[in-house]
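Colleague: I should like to learn how to read the side-chain features of a model such as this one. Could you take me through them one at a time?

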Amino acid sequence: MPFGVSQLAQDAAIASLDAFGELQQRVDALVGERTRVFDALRAQGWDVPETHANFVWMPLGPDTMAFARACDEAGLVVRPFDGEGARCSIGEAEANDRLIEVAGAFRGSRGADAGA
């Protein structure tokens, strides 16, 4: 059956709804981290579009794959779209800190035009 949902998945969804308070805490934490990362990237000079998702979009153009390699070398996984940019998921604070560091160093190494 296409797009079928198992009984286990249905039970998990109901349990999640029953624990709405905990779910809301996790959503609030994610939104806080997303805002922190977004603000830090903007402060570095990146033209990051506003987001309401669980990721930020880094508009990197031709530097996309180089940025993805820099992230990989720093132990980060981003989803690059060659020639366009990278989707950077919001995760734990430590990983987000590393993303901010890598983005700042990358921008510094590419000059003011990177990500503008």
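**Charged pairs, cysteines and surface**

Modeller: Let us begin within one helix: R36 and E33 both lie in helix α2, 3 residues apart, and this spacing separates them by about one helical turn. Please bear in mind throughout that the model is predicted.

Colleague: What do the side chains of R36 and E33 form, and at what N to O distance?

Modeller: The general idea is that side chains of opposite charge can pair when their charged atoms come close. In this case, R36 and E33 meet through their side chains in a salt bridge, with 2.9 Å from N to O.

Colleague: Is E33 buried or exposed, and how does R36 count?

Modeller: E33 counts as buried, its relative accessibility being 16%. R36, at 32%, counts as partly exposed.

Colleague: With which other residue does R36 form a salt bridge?

Modeller: The partner is D97, and the closest N and O atoms of this pair are 2.8 Å apart. The pair links distant parts of the chain, since R36 belongs to helix α2 and D97 to helix α4 (residues 93-110), with their positions 61 residues apart. D97 counts as partly exposed, at 31% relative accessibility. Through shared partners, the salt bridges join E33, R36 and D97 into one network.

Colleague: How many salt bridges does a search of the whole structure find?

Modeller: The search gives 3 salt bridges. One of them joins the side chains of E22 and R26, at 2.6 Å from N to O. These two residues are 4 residues apart in helix α2 (residues 20-43), so about one helical turn separates them. E22 is partly exposed, with 42% relative accessible area, and R26 is exposed, with 57%.

Colleague: Let us turn to the cysteines. How many disulfides does the count come to?

Modeller: In general, a disulfide is a covalent bond between the sulfur atoms of two cysteines. Here the count comes to 0 disulfides.

Colleague: Why is the sulfur of C71 not bonded to the closest cysteine sulfur?

Modeller: The reason is distance: the closest cysteine sulfur to that of C71 is in C88, 5.8 Å away, which is too far for a bond. The cut-off for a disulfide is 2.5 Å between the sulfur atoms. Viewed from the other side, C88 has its closest cysteine sulfur in C71, again at 5.8 Å.

Colleague: Are C71 and C88 buried or exposed?

Modeller: C71 counts as buried, at 0% relative accessibility. C88 also counts as buried, at 1%.

Colleague: Which residues make the nonpolar surface patch?

Modeller: The patch is made by F20, L23, V27 and V31, and its area is about 300 Å². Among these, F20 has its place in helix α2. F20 is partly exposed, with a relative accessible area of 46%.

Colleague: As a final case, where is the place of T64, and which residues does T64 touch?

Modeller: T64 is in helix α3 (residues 64-73). With a relative accessible area of 0%, T64 is buried. Leaving aside residues up to four places away in sequence, T64 touches P80, F81, D82, G83, E84, G85 and A86.

Notes:
Residues are numbered from 1 along each chain as its sequence is written. This is a predicted model: local features need pLDDT of at least 70, side-chain atom pairs count only at pLDDT 80 or more; totals for chains, interfaces and linings use all residues. Side-chain values use heavy atoms; hydrogens and water are left out. Buried means under 20% relative accessible area, exposed over 50%, partly exposed in between (1.4 Å probe, protein chains only). A salt bridge is a side-chain nitrogen of Lys or Arg within 4 Å of a carboxyl oxygen of Asp or Glu. Patches are made of residues with over 30% relative accessible area and no salt bridge: like charges are joined within 9 Å, nonpolar side chains (Val, Leu, Ile, Met, Phe, Trp, Tyr) within 5 Å. Accessible areas come from the Shrake-Rupley method with a 1.4 Å probe; for residues, only the protein chains shown count as cover. Contact means heavy atoms within 4.5 Å.
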